[in-house]
Amino acid sequence: MSADVKSSDSEAAVPTRKVLLTCVQPSGGFHLGNYLGAVLNWRRMQDDYECYFGVVDMHAITQPIEPAKLRASTLELVAWYIASGLEPAKAHIFVQSHIIGHTELAWVLGCLCPVGQLERMTQYKDKVARHESVGAGILNYPVLMAADILLYNAHAVPVGEDQKQHLELARDLAEKFNRTYSPTFNVPEPFIPKTGARIMSLADPAKKMSKSDEDQSGTLYLGDTSAVLRKKIMSAVTDSGSEITARADKPGVTNLLHILSACTGRALPSLEAEFAGKGYGDFKSAVAEAVVATLESVQKKYAELMANKDHLLDVIKTGDEATQKTAYKTLAKVYRKVGFLERSR
Ligand code: TRP
(Lines give C-alpha, C1' and ligand atoms only; values in the text may rest on other atoms or scores of the structure.)
Protein backbone atom coordinates (compact mmCIF):
# COMPACT_ATOMS: atom_id res chain seq x y z
CA MET A 1 0.00 0.00 0.00
CA SER A 2 2.42 2.68 -0.98
CA ALA A 3 1.47 3.98 -4.39
CA ASP A 4 -2.22 3.90 -3.63
CA VAL A 5 -2.10 5.93 -0.46
CA LYS A 6 -2.14 9.66 -0.83
CA SER A 7 -0.26 10.95 2.13
CA SER A 8 1.12 14.22 3.32
CA ASP A 9 2.40 15.18 6.73
CA SER A 10 -0.65 17.15 7.66
CA GLU A 11 -3.38 14.94 6.30
CA ALA A 12 -4.30 11.46 7.30
CA ALA A 13 -3.57 8.95 4.56
CA VAL A 14 -6.50 8.47 2.25
CA PRO A 15 -6.40 4.96 0.94
CA THR A 16 -7.74 4.66 -2.57
CA ARG A 17 -8.69 1.45 -4.27
CA LYS A 18 -6.08 -0.83 -5.76
CA VAL A 19 -5.70 -0.74 -9.51
CA LEU A 20 -6.61 -3.67 -11.72
CA LEU A 21 -5.70 -3.61 -15.40
CA THR A 22 -6.12 -6.01 -18.23
CA CYS A 23 -6.31 -5.83 -22.01
CA VAL A 24 -7.41 -7.80 -25.05
CA GLN A 25 -6.13 -7.51 -28.62
CA PRO A 26 -8.75 -6.57 -31.19
CA SER A 27 -7.45 -9.11 -33.66
CA GLY A 28 -10.60 -11.14 -34.18
CA GLY A 29 -13.93 -12.06 -32.67
CA PHE A 30 -14.91 -12.22 -29.02
CA HIS A 31 -15.45 -15.83 -27.94
CA LEU A 32 -16.95 -17.82 -25.11
CA GLY A 33 -13.54 -18.33 -23.52
CA ASN A 34 -13.05 -14.55 -23.36
CA TYR A 35 -16.51 -14.14 -21.90
CA LEU A 36 -16.85 -16.99 -19.38
CA GLY A 37 -13.15 -17.37 -18.62
CA ALA A 38 -12.16 -13.73 -18.37
CA VAL A 39 -14.64 -10.88 -18.68
CA LEU A 40 -17.20 -12.32 -16.24
CA ASN A 41 -14.49 -12.25 -13.60
CA TRP A 42 -13.39 -8.74 -14.43
CA ARG A 43 -16.98 -7.64 -14.13
CA ARG A 44 -17.02 -8.79 -10.51
CA MET A 45 -13.93 -6.72 -9.75
CA GLN A 46 -15.36 -3.37 -10.80
CA ASP A 47 -16.61 -2.38 -7.36
CA ASP A 48 -13.50 -3.43 -5.47
CA TYR A 49 -10.76 -2.16 -7.75
CA GLU A 50 -10.08 0.91 -9.80
CA CYS A 51 -10.33 -0.91 -13.11
CA TYR A 52 -8.70 -0.26 -16.48
CA PHE A 53 -9.83 -2.38 -19.41
CA GLY A 54 -7.88 -1.76 -22.57
CA VAL A 55 -8.35 -2.67 -26.19
CA VAL A 56 -4.76 -2.99 -27.35
CA ASP A 57 -4.76 -2.17 -31.04
CA MET A 58 -1.03 -1.39 -31.04
CA HIS A 59 -0.33 -4.98 -30.02
CA ALA A 60 -2.65 -6.18 -32.76
CA ILE A 61 -0.41 -4.77 -35.54
CA THR A 62 2.53 -6.95 -34.47
CA GLN A 63 0.92 -9.50 -36.81
CA PRO A 64 -0.40 -8.61 -40.25
CA ILE A 65 -3.97 -7.35 -39.99
CA GLU A 66 -6.07 -5.50 -42.50
CA PRO A 67 -6.66 -1.87 -41.47
CA ALA A 68 -10.42 -2.08 -42.02
CA LYS A 69 -10.59 -5.24 -39.95
CA LEU A 70 -8.55 -3.72 -37.13
CA ARG A 71 -10.76 -0.64 -37.05
CA ALA A 72 -13.94 -2.72 -36.99
CA SER A 73 -12.64 -5.21 -34.42
CA THR A 74 -11.57 -2.42 -32.08
CA LEU A 75 -15.04 -0.91 -31.98
CA GLU A 76 -16.64 -4.34 -31.72
CA LEU A 77 -14.43 -5.36 -28.81
CA VAL A 78 -15.42 -2.24 -26.87
CA ALA A 79 -19.06 -3.13 -27.56
CA TRP A 80 -18.51 -6.71 -26.36
CA TYR A 81 -16.82 -5.41 -23.21
CA ILE A 82 -19.82 -3.24 -22.40
CA ALA A 83 -22.40 -5.82 -23.50
CA SER A 84 -20.68 -8.32 -21.19
CA GLY A 85 -21.15 -6.06 -18.20
CA LEU A 86 -18.06 -3.88 -18.02
CA GLU A 87 -19.48 -0.52 -17.06
CA PRO A 88 -18.06 2.71 -18.44
CA ALA A 89 -19.44 4.49 -15.39
CA LYS A 90 -17.33 2.35 -13.06
CA ALA A 91 -14.28 1.29 -15.05
CA HIS A 92 -11.90 2.99 -17.44
CA ILE A 93 -12.46 1.43 -20.84
CA PHE A 94 -9.91 2.72 -23.33
CA VAL A 95 -8.33 2.18 -26.73
CA GLN A 96 -4.55 1.90 -26.45
CA SER A 97 -3.68 3.98 -29.54
CA HIS A 98 -5.84 6.84 -28.25
CA ILE A 99 -3.71 7.29 -25.17
CA ILE A 100 -0.40 9.12 -25.24
CA GLY A 101 2.00 7.35 -22.95
CA HIS A 102 1.97 3.66 -23.87
CA THR A 103 4.63 3.79 -26.57
CA GLU A 104 6.48 6.60 -24.78
CA LEU A 105 6.81 4.54 -21.61
CA ALA A 106 7.60 1.43 -23.67
CA TRP A 107 10.59 3.28 -25.13
CA VAL A 108 11.94 4.16 -21.71
CA LEU A 109 11.39 0.64 -20.39
CA GLY A 110 12.90 -0.86 -23.52
CA CYS A 111 16.11 1.03 -22.82
CA LEU A 112 16.32 -0.82 -19.50
CA CYS A 113 15.52 -4.21 -20.98
CA PRO A 114 18.22 -6.62 -22.14
CA VAL A 115 17.53 -7.97 -25.63
CA GLY A 116 18.40 -11.46 -24.37
CA GLN A 117 15.48 -11.40 -21.98
CA LEU A 118 13.10 -10.62 -24.83
CA GLU A 119 14.62 -13.33 -27.01
CA ARG A 120 13.93 -15.86 -24.27
CA MET A 121 10.17 -15.20 -24.25
CA THR A 122 8.28 -18.37 -25.20
CA GLN A 123 5.85 -16.64 -27.55
CA TYR A 124 8.71 -14.94 -29.38
CA LYS A 125 10.68 -18.19 -29.64
CA ASP A 126 7.61 -20.02 -30.96
CA LYS A 127 7.18 -17.46 -33.69
CA VAL A 128 10.85 -17.61 -34.66
CA ALA A 129 10.76 -21.42 -34.65
CA ARG A 130 7.81 -21.40 -37.03
CA HIS A 131 10.02 -19.43 -39.46
CA GLU A 132 7.47 -16.68 -39.68
CA SER A 133 8.93 -13.38 -40.66
CA VAL A 134 9.40 -11.77 -37.30
CA GLY A 135 9.18 -8.00 -36.98
CA ALA A 136 10.80 -6.02 -34.20
CA GLY A 137 7.30 -5.42 -32.86
CA ILE A 138 7.02 -9.09 -31.90
CA LEU A 139 10.27 -8.87 -29.98
CA ASN A 140 9.23 -5.66 -28.26
CA TYR A 141 5.65 -6.74 -27.64
CA PRO A 142 6.24 -7.64 -23.96
CA VAL A 143 7.82 -4.22 -23.31
CA LEU A 144 4.72 -2.48 -24.64
CA MET A 145 2.62 -4.76 -22.47
CA ALA A 146 4.76 -3.80 -19.45
CA ALA A 147 4.12 -0.16 -20.32
CA ASP A 148 0.34 -0.80 -20.48
CA ILE A 149 0.51 -2.14 -16.96
CA LEU A 150 2.96 0.27 -15.35
CA LEU A 151 1.45 3.40 -16.88
CA TYR A 152 -1.51 2.94 -14.53
CA ASN A 153 0.52 1.53 -11.66
CA ALA A 154 -1.56 -1.61 -11.68
CA HIS A 155 -1.46 -3.91 -8.67
CA ALA A 156 -3.46 -6.77 -10.11
CA VAL A 157 -3.29 -8.00 -13.68
CA PRO A 158 -5.67 -10.81 -14.63
CA VAL A 159 -3.98 -12.82 -17.38
CA GLY A 160 -4.04 -16.34 -18.68
CA GLU A 161 -1.24 -18.85 -18.24
CA ASP A 162 0.25 -17.89 -21.63
CA GLN A 163 0.83 -14.31 -20.48
CA LYS A 164 2.52 -15.02 -17.14
CA GLN A 165 6.00 -14.76 -18.59
CA HIS A 166 5.17 -11.34 -20.01
CA LEU A 167 3.86 -10.22 -16.64
CA GLU A 168 7.09 -11.45 -15.06
CA LEU A 169 8.96 -9.12 -17.41
CA ALA A 170 6.72 -6.22 -16.38
CA ARG A 171 7.63 -6.94 -12.76
CA ASP A 172 11.35 -7.02 -13.61
CA LEU A 173 11.13 -3.75 -15.49
CA ALA A 174 9.22 -2.06 -12.67
CA GLU A 175 11.90 -3.16 -10.21
CA LYS A 176 14.69 -2.13 -12.53
CA PHE A 177 13.23 1.33 -13.09
CA ASN A 178 12.70 1.77 -9.34
CA ARG A 179 16.32 0.75 -8.64
CA THR A 180 17.83 2.77 -11.48
CA TYR A 181 15.96 5.99 -10.72
CA SER A 182 13.84 5.96 -7.57
CA PRO A 183 10.74 4.11 -6.37
CA THR A 184 8.05 4.90 -8.93
CA PHE A 185 6.19 1.80 -9.98
CA ASN A 186 4.20 -0.66 -8.06
CA VAL A 187 5.36 -4.21 -8.85
CA PRO A 188 2.27 -5.85 -10.37
CA GLU A 189 0.97 -9.27 -9.39
CA PRO A 190 -0.79 -11.80 -11.59
CA PHE A 191 -4.39 -12.06 -10.57
CA ILE A 192 -5.82 -15.53 -10.34
CA PRO A 193 -9.55 -15.38 -9.74
CA LYS A 194 -11.06 -17.92 -7.36
CA THR A 195 -13.80 -18.75 -9.79
CA GLY A 196 -13.84 -18.85 -13.53
CA ALA A 197 -13.66 -21.57 -16.08
CA ARG A 198 -10.83 -22.29 -18.45
CA ILE A 199 -12.74 -22.89 -21.66
CA MET A 200 -11.13 -25.23 -24.17
CA SER A 201 -11.68 -25.68 -27.91
CA LEU A 202 -14.67 -27.85 -28.75
CA ALA A 203 -12.69 -29.39 -31.61
CA ASP A 204 -9.56 -30.11 -29.56
CA PRO A 205 -10.14 -29.91 -25.81
CA ALA A 206 -6.39 -30.04 -25.19
CA LYS A 207 -6.15 -26.48 -26.50
CA LYS A 208 -7.57 -23.27 -25.12
CA MET A 209 -10.55 -21.90 -27.05
CA SER A 210 -8.94 -19.34 -29.33
CA LYS A 211 -9.57 -16.98 -32.19
CA SER A 212 -6.29 -18.01 -33.79
CA ASP A 213 -7.00 -21.74 -33.81
CA GLU A 214 -6.96 -23.15 -37.33
CA ASP A 215 -10.03 -25.24 -36.62
CA GLN A 216 -12.64 -22.56 -35.97
CA SER A 217 -15.40 -25.13 -35.46
CA GLY A 218 -14.11 -25.40 -31.89
CA THR A 219 -14.51 -21.70 -31.09
CA LEU A 220 -17.88 -20.31 -30.02
CA TYR A 221 -18.09 -16.64 -30.93
CA LEU A 222 -20.53 -14.37 -29.19
CA GLY A 223 -21.27 -13.02 -32.65
CA ASP A 224 -22.38 -16.48 -33.86
CA THR A 225 -26.10 -16.96 -34.40
CA SER A 226 -27.96 -19.39 -32.13
CA ALA A 227 -28.09 -21.87 -35.01
CA VAL A 228 -24.31 -21.77 -35.47
CA LEU A 229 -23.71 -22.05 -31.73
CA ARG A 230 -25.98 -25.12 -31.53
CA LYS A 231 -24.33 -26.71 -34.54
CA LYS A 232 -20.81 -26.22 -33.17
CA ILE A 233 -21.80 -27.60 -29.78
CA MET A 234 -23.61 -30.62 -31.22
CA SER A 235 -20.47 -31.51 -33.19
CA ALA A 236 -18.06 -30.97 -30.28
CA VAL A 237 -15.65 -33.87 -29.82
CA THR A 238 -16.49 -36.09 -26.90
CA ASP A 239 -14.54 -38.95 -25.45
CA SER A 240 -14.72 -42.71 -25.61
CA GLY A 241 -17.20 -44.28 -23.23
CA SER A 242 -20.55 -42.75 -22.51
CA GLU A 243 -20.20 -41.46 -18.98
CA ILE A 244 -20.90 -37.78 -18.42
CA THR A 245 -18.38 -36.90 -15.80
CA ALA A 246 -15.52 -34.43 -15.34
CA ARG A 247 -12.32 -36.44 -15.39
CA ALA A 248 -8.80 -36.04 -16.77
CA ASP A 249 -9.30 -38.82 -19.31
CA LYS A 250 -12.52 -37.19 -20.56
CA PRO A 251 -11.33 -33.72 -21.63
CA GLY A 252 -14.14 -33.14 -24.16
CA VAL A 253 -16.96 -33.96 -21.75
CA THR A 254 -15.20 -32.12 -18.93
CA ASN A 255 -14.98 -28.96 -21.04
CA LEU A 256 -18.69 -29.14 -21.92
CA LEU A 257 -19.53 -29.68 -18.25
CA HIS A 258 -17.51 -26.59 -17.31
CA ILE A 259 -19.33 -24.57 -19.95
CA LEU A 260 -22.70 -25.82 -18.71
CA SER A 261 -21.74 -25.10 -15.13
CA ALA A 262 -20.59 -21.57 -15.96
CA CYS A 263 -23.78 -20.86 -17.92
CA THR A 264 -26.21 -22.28 -15.36
CA GLY A 265 -24.35 -21.48 -12.15
CA ARG A 266 -24.74 -25.10 -11.08
CA ALA A 267 -21.92 -27.13 -9.55
CA LEU A 268 -20.37 -30.04 -11.47
CA PRO A 269 -21.61 -32.83 -9.15
CA SER A 270 -25.21 -31.76 -9.56
CA LEU A 271 -24.83 -31.74 -13.35
CA GLU A 272 -23.10 -35.12 -13.32
CA ALA A 273 -25.99 -36.51 -11.28
CA GLU A 274 -28.56 -35.07 -13.64
CA PHE A 275 -26.92 -36.64 -16.70
CA ALA A 276 -26.05 -40.01 -15.16
CA GLY A 277 -27.25 -42.68 -17.59
CA LYS A 278 -28.13 -40.16 -20.32
CA GLY A 279 -26.50 -40.02 -23.74
CA TYR A 280 -24.10 -37.49 -25.22
CA GLY A 281 -26.86 -36.18 -27.52
CA ASP A 282 -29.12 -35.11 -24.66
CA PHE A 283 -26.17 -33.67 -22.82
CA LYS A 284 -24.94 -31.62 -25.76
CA SER A 285 -28.44 -30.29 -26.40
CA ALA A 286 -28.59 -29.10 -22.81
CA VAL A 287 -25.21 -27.39 -23.18
CA ALA A 288 -26.32 -25.76 -26.44
CA GLU A 289 -29.54 -24.42 -24.91
CA ALA A 290 -27.68 -23.10 -21.86
CA VAL A 291 -25.10 -21.31 -24.00
CA VAL A 292 -27.74 -19.83 -26.31
CA ALA A 293 -29.80 -18.64 -23.32
CA THR A 294 -26.76 -17.17 -21.54
CA LEU A 295 -25.58 -15.23 -24.57
CA GLU A 296 -28.97 -13.95 -25.59
CA SER A 297 -28.99 -10.84 -23.43
CA VAL A 298 -25.32 -10.10 -24.15
CA GLN A 299 -25.96 -10.37 -27.89
CA LYS A 300 -28.99 -8.13 -27.61
CA LYS A 301 -27.06 -5.46 -25.74
CA TYR A 302 -24.24 -5.73 -28.28
CA ALA A 303 -26.64 -5.23 -31.18
CA GLU A 304 -28.06 -2.13 -29.47
CA LEU A 305 -24.59 -0.68 -28.93
CA MET A 306 -23.53 -1.35 -32.51
CA ALA A 307 -26.73 0.19 -33.83
CA ASN A 308 -25.67 3.53 -32.39
CA LYS A 309 -22.00 3.94 -33.22
CA ASP A 310 -21.90 7.65 -32.45
CA HIS A 311 -22.97 6.95 -28.93
CA LEU A 312 -20.41 4.17 -28.63
CA LEU A 313 -17.67 6.48 -29.90
CA ASP A 314 -18.74 9.02 -27.28
CA VAL A 315 -18.47 6.40 -24.57
CA ILE A 316 -14.96 5.57 -25.78
CA LYS A 317 -14.05 9.25 -25.80
CA THR A 318 -15.12 9.67 -22.18
CA GLY A 319 -13.16 6.57 -21.16
CA ASP A 320 -10.09 7.73 -23.06
CA GLU A 321 -10.15 11.18 -21.46
CA ALA A 322 -10.19 9.88 -17.89
CA THR A 323 -7.55 7.30 -18.75
CA GLN A 324 -5.32 9.88 -20.41
CA LYS A 325 -5.18 11.95 -17.24
CA THR A 326 -3.59 9.10 -15.30
CA ALA A 327 -1.30 8.24 -18.19
CA TYR A 328 -0.01 11.83 -18.44
CA LYS A 329 0.72 11.93 -14.72
CA THR A 330 2.81 8.78 -14.85
CA LEU A 331 4.56 9.83 -18.03
CA ALA A 332 5.48 13.24 -16.63
CA LYS A 333 6.91 11.61 -13.53
CA VAL A 334 8.91 9.12 -15.59
CA TYR A 335 10.27 11.77 -17.95
CA ARG A 336 11.38 13.87 -14.99
CA LYS A 337 13.10 10.97 -13.28
CA VAL A 338 14.88 9.89 -16.44
CA GLY A 339 16.26 13.40 -16.88
CA PHE A 340 14.36 14.70 -19.90
CA LEU A 341 14.40 18.49 -19.89
CA GLU A 342 11.07 19.92 -18.91
CA ARG A 343 9.15 21.41 -21.80
CA SER A 344 8.27 25.08 -21.26
CA ARG A 345 4.56 25.80 -21.26
N1 TRP B 1 -0.66 -9.78 -24.43
C2 TRP B 1 -2.02 -9.90 -24.00
C3 TRP B 1 -2.71 -11.03 -24.78
O4 TRP B 1 -2.43 -11.24 -25.93
C5 TRP B 1 -2.78 -8.63 -24.21
C6 TRP B 1 -2.23 -7.51 -23.39
C7 TRP B 1 -1.56 -6.41 -23.85
C8 TRP B 1 -2.35 -7.38 -21.99
N9 TRP B 1 -1.28 -5.59 -22.81
C10 TRP B 1 -1.73 -6.13 -21.66
C11 TRP B 1 -2.94 -8.16 -20.99
C12 TRP B 1 -1.67 -5.70 -20.35
C13 TRP B 1 -2.87 -7.70 -19.68
C14 TRP B 1 -2.23 -6.48 -19.35
O15 TRP B 1 -3.55 -11.68 -24.23
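How far is an oxygen atom of the ligand from an N or O atom in the side chain of Gln25? In this predicted model, the separation between the two atoms is 3.1 Å. Two further polar approaches involve nitrogen of the ligand: a nitrogen atom lies 2.6 Å from an N or O atom in the side chain of Asp148, and a polar side-chain atom of Gln163 is found 2.9 Å from a nitrogen atom of the ligand. The ligand, taken alone, exposes 360 Å², and 88% of that area is buried by the protein. Two or more residues of the surrounding shell are given by each of the elements β3 (19–24) and α7 (136–150), and α7 supplies the largest share, with four residues.

In total, 13 residues surround the ligand, and Gln25, Tyr141, Met145, Asp148 and Gln163 are the closest of them. When the shell is sorted by class, eight of its residues are nonpolar, four are polar and one is charged.

A second site of interest is Arg43, which is placed in helix α1, a helix that covers residues 32–45. Arg43 has a relative accessible area of 37% and is therefore classed as partly exposed, since that class lies between the limits of 20% for buried and 50% for exposed residues. With neighbours within four places in sequence left aside, the contacts of Arg43 are Tyr35, Ser84, Gly85 and Leu86. For Ser84, the backbone oxygen lies 3.0 Å from a polar atom of the Arg43 side chain. The C-alpha atoms of Arg43 and Ser285, by comparison, are separated by 28 Å, and the two residues stand 242 residues apart along the chain.

Definitions and conventions:
Residues numbered from 1 in each chain as written. Predicted model: local features only at pLDDT ≥ 70, side-chain atom pairs only at ≥ 80, totals over all residues. Heavy atoms only, no water. Near = heavy atom within 4 Å. Polar contact = N/O pair within 3.5 Å; in protein donor to acceptor, adjacent residues only side chain to side chain. Areas by Shrake-Rupley, 256 points an atom, 1.4 Å probe, with all protein chains shown as cover. Nonpolar A, V, L, I, M, F, W, Y, C, P; charged D, E, K, R; others polar. Buried < 20%, exposed > 50% of the residue type's maximum accessible area, 1.4 Å probe, protein only. Contact = heavy atoms within 4.5 Å.
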